[in-house]
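Hi,

Here is the structure I said I would pass on. Have a look at it first, and my notes follow underneath.

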Amino acid sequence: MAVSNVPIFPQTITTTAMTIVNADGTNKKTLYTAGTNGSKLEYCYITNTDTAAYTVNIYITISATDYLIGTINLPLSSGNTTAAPTINLFANTNLATLNVDPNGNKYLMLATGATLKAATTGAVTAAKTVAFITQGGDY
């Protein structure tokens with residue numbers, strides 16, 4: 001995309017889903033890959049069907065190198081019962097340094113070629129799932 005002094009806005013709305021299951025172990029999995037001209041991520045929701053809590057590490061990958069940007073606690077059964085709500089990753093206080101839009105909502109910009117990844121620090125219990133839903137837009 002050519003440099004311009006005219007503001008641009010995301011052109012294509014994107015929604016992605018990713019799950020971590022027992023077979024994934026503690027391997028990093030891709031949540032979102034930036035578009036050709038970069039992307040703006042506006043939310044990432046996380047749920048947990050397990051009766052165990054997890055620690056989740058969040059990474060940005062640039063030029064094949066993973067950079068840890070934050071770690072959050074994922075309570076047991078988050079989003080799977082009325083007692084434990086779905087986790088909004090961008091609203092988590094452990095990621096307090098994210099950008100904030102004029103409405104007070106946090107967001108994350110990803111440059112072309114960058115990816116957002118996640119991994120649990122312990123394997124998810126067999127037949128249980130930690131799920132991620134992201135939404136944003138590609139420029």
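How many helices and how many strands are there in the protein? Zero helices and ten strands. Before you go further, please keep in mind that this is a predicted model. Read from start to end along the sequence, the pattern is β-β-β-β-β-β-β-β-β-β.

Overall shape first. The C-alpha atoms fill a box of roughly 50 × 35 × 25 Å along the principal axes. The radius of gyration is 16 Å, and a compact globule with 139 residues would have one near 14 Å, so the two agree. Of the 139 residues, 40% count as buried. The protein exposes about 7,500 Å², and carbon and sulfur atoms supply 54% of that area. As for charge, there are 6 positive and 6 negative side chains, and the centres of the two sets lie 4 Å apart. If you look at contacts between residues at least 6 apart in sequence, 74% of them join residues at least 24 apart.

Now the inside. The largest nonpolar core has 27 residues, and the ones with the most contacts inside it are I46, L110, L116 and F132. The elements that give two or more residues to this core include strand 1 (12–20), strand 2 (29–33), strand 3 (39–48) and strand 5 (65–74). Strand 8 (106–110), strand 9 (115–120) and strand 10 (130–138) are also among them. Which strand gives the largest share of this core? That is strand 4, with four residues.

L110 is a good place to start clicking. Leaving out residues up to four places away in sequence, L110 touches Y32, A34, G38, S39, L41, I60 and L116. One of those partners, S39, deserves its own look. S39 sits in strand 3, and its relative accessible area is 1%, so S39 is buried. With neighbours within four places in sequence set aside, S39 is in contact with Y32, T33, A34, L108, M109, L110, G137, D138 and Y139. From S39 to A114 the C-alpha distance is 9.2 Å, with their positions 75 residues apart in sequence.

A114 also gives a handy reference point for T93. The C-alpha atoms of T93 and A114 are separated by 23 Å, although the two are 21 residues apart along the chain. T93 lies in the loop between strand 6 (87–88) and strand 7 (99–100). Is T93 buried or exposed? Its relative accessible area is 67%, so T93 is exposed.

Two other loops are worth a visit. G122 is in the loop between strand 9 and strand 10, and it is partly exposed, with a relative accessible area of 26%. Which residues does G122 touch, not counting residues up to four places away in sequence? They are G25, T26 and Y54. For T26, the C-alpha atoms are 5.8 Å apart in space, while G122 and T26 are 96 residues apart in sequence.

D24 is found in the loop between strand 1 and strand 2. Despite that loop position, D24 is buried, because its relative accessible area of 16% falls under the 20% cut-off. Leaving aside neighbours within four places in sequence, D24 is in contact with T19 and K29. Going the other way along the chain, D24 and S4 are 20 residues apart, and their C-alpha atoms are separated by 43 Å.

Last, a backbone point. Where do S63 and A64 lie? S63 is in the loop between strand 4 and strand 5, and so is A64. Phi of S63 is near 50 degrees, a positive value in a residue other than glycine. A64, which is not a glycine either, has a positive phi of about 70 degrees. On accessibility, S63 is exposed at 66%, and A64 counts as exposed at 77%.

That's what I have for now. Shout if anything looks odd on your screen.

Cheers

Key. Residues numbered from 1 in each chain as written. Predicted model: local features only at pLDDT ≥ 70, side-chain atom pairs only at ≥ 80, totals over all residues. Heavy atoms only, no water. Core = buried A, V, L, I, M, F, W, Y, C linked by side-chain atoms within 4.5 Å. Buried < 20%, exposed > 50% of the residue type's maximum accessible area, 1.4 Å probe, protein only. Contact = heavy atoms within 4.5 Å. Rg over C-alpha atoms; globule rule 2.2 N^0.38 Å. Areas by Shrake-Rupley, 256 points an atom, 1.4 Å probe, with all protein chains shown as cover. Lys, Arg positive; Asp, Glu negative; His and termini not counted. Charge placed at Lys NZ, Arg CZ, Asp CG, Glu CD.
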